[in-house]
Amino acid sequence: MVKLPVRPWLFVLALAAVVHTAEAGGPSVSSVSAIQRPGTRYVDITYNLSDSDSPTLSVSVQISTNGGTTYFTPSNVSGDLGSSVARGNNRKIVWDAGATLPAKLFANVRARVTASDYSAPTGMV
């Protein structure tokens, strides 16, 4: 676990990467890490994204403040998430943790990055 001090927020952030492999060669999220920018409330979440049959994937991030018992989808995120994220290394999601969480100590925060094959809605090309 890493202590991440923030003005006036303080987080302890542990990461859990979720790998979706429903099919052989399915999407994979690996090498997940998070680093809080010094003196800010921003957390940079980086990860690698691979899949053998799709050049783009749908990526989401969820946050837990209770060690993974429950998760929520934060509204203050940007970067390599949503539909049509290209495979590759060093993908990055920026989370404004201070805008999402109240100013208090959360001792067991987790971030979960998931990926699934992206497919256009029926009738779309």
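Which side chains meet in a salt bridge at 2.9 Å, N to O? In this predicted model, the pair consists of Arg 37 and Asp 44, and the surroundings of these residues are described below after an outline of the chain as a whole.

The protein has 125 residues, of which 35% count as buried, and it contains one helix and nine strands. Read along the sequence, these elements follow the pattern β-β-β-β-β-β-β-β-α-β. Among the contacts between residues at least 6 apart in sequence, 64% join residues that are at least 24 apart. The exposed surface comes to about 6,700 Å², and carbon and sulfur atoms supply 52% of this area.

The average pLDDT of the protein is 79, and 74% of the residues score at least 70. Over residues 1–23, however, the pLDDT is below 50, although this stretch has 71 contacts in the model beyond near neighbours in sequence. Where pLDDT is low, the predicted coordinates should not be read in detail.

The largest nonpolar core has 21 residues, and those that touch the most other members are Val 29, Ile 45, Tyr 47, Leu 49, Val 59, Trp 95 and Val 113. Two or more residues are given to this core by each of the strands S3 (28–36), S4 (42–50), S5, S8 (88–96) and S9 (105–117), and S9 gives the most, with five residues. Val 59, one of the members named above, has its place in strand S5, which covers residues 56–64. This residue counts as buried because its relative accessible area is 4%, which falls under the limit of 20%. When residues up to four places away in sequence are not counted, Val 59 touches a set of residues that includes Tyr 47, Leu 49, Leu 81, Val 85, Ile 93 and Val 113. Of these contacts, Ile 93 is 34 residues apart from Val 59 along the chain, while the C-alpha atoms of the two are separated by 10.0 Å.

Strands S3 and S4, which both contribute to the core, pair in the antiparallel sense over seven bridges. The two strands form a hairpin with five residues between them, and Gly 39 in the turn has a positive phi of about 75 degrees. One of the bridges links Gln 36 to its partner in S4, Val 43.

A search of the whole structure finds three salt bridges. Side chains of opposite charge can pair when their charged atoms come close. In the bridge between Arg 37 and Asp 44, Arg 37 is partly exposed, with a relative accessible area of 30%, whereas Asp 44 is buried at 14%. Asp 44 also forms a salt bridge with Lys 92, where the closest N and O atoms are 4.0 Å apart. Because Lys 92 lies in strand S8 and Asp 44 in strand S4, this pair ties together parts that are 48 residues apart in sequence. Salt bridges that share partners thus join Arg 37, Asp 44 and Lys 92 into one network; within this network, Lys 92 is partly exposed, with a relative accessible area of 34%.

A further salt bridge is formed by the side chains of Asp 96 and Arg 41, at 2.8 Å from N to O. Asp 96 lies in strand S8 and Arg 41 in the loop between S3 and S4, so the pair ties together parts that are 55 residues apart in sequence. Asp 96 is buried, with a relative accessible area of 10%, while Arg 41 counts as partly exposed at 30% relative accessibility.

Definitions and conventions. Residues are numbered from 1 along each chain as its sequence is written. This is a predicted model: local features need pLDDT of at least 70, side-chain atom pairs count only at pLDDT 80 or more; totals for chains, interfaces and linings use all residues. Side-chain values use heavy atoms; hydrogens and water are left out. pLDDT is the predictor's confidence in each residue, from 0 to 100. Contact means heavy atoms within 4.5 Å. Helices (H or I, at least four residues) and strands (E, at least two) are DSSP runs, numbered from the N terminus. Buried means under 20% relative accessible area, exposed over 50%, partly exposed in between (1.4 Å probe, protein chains only). Accessible areas come from the Shrake-Rupley method with a 1.4 Å probe; for residues, only the protein chains shown count as cover. A nonpolar core is a set of buried Ala, Val, Leu, Ile, Met, Phe, Trp, Tyr and Cys residues joined through side-chain atoms within 4.5 Å. Two strands pair if DSSP finds at least two bridges between them.
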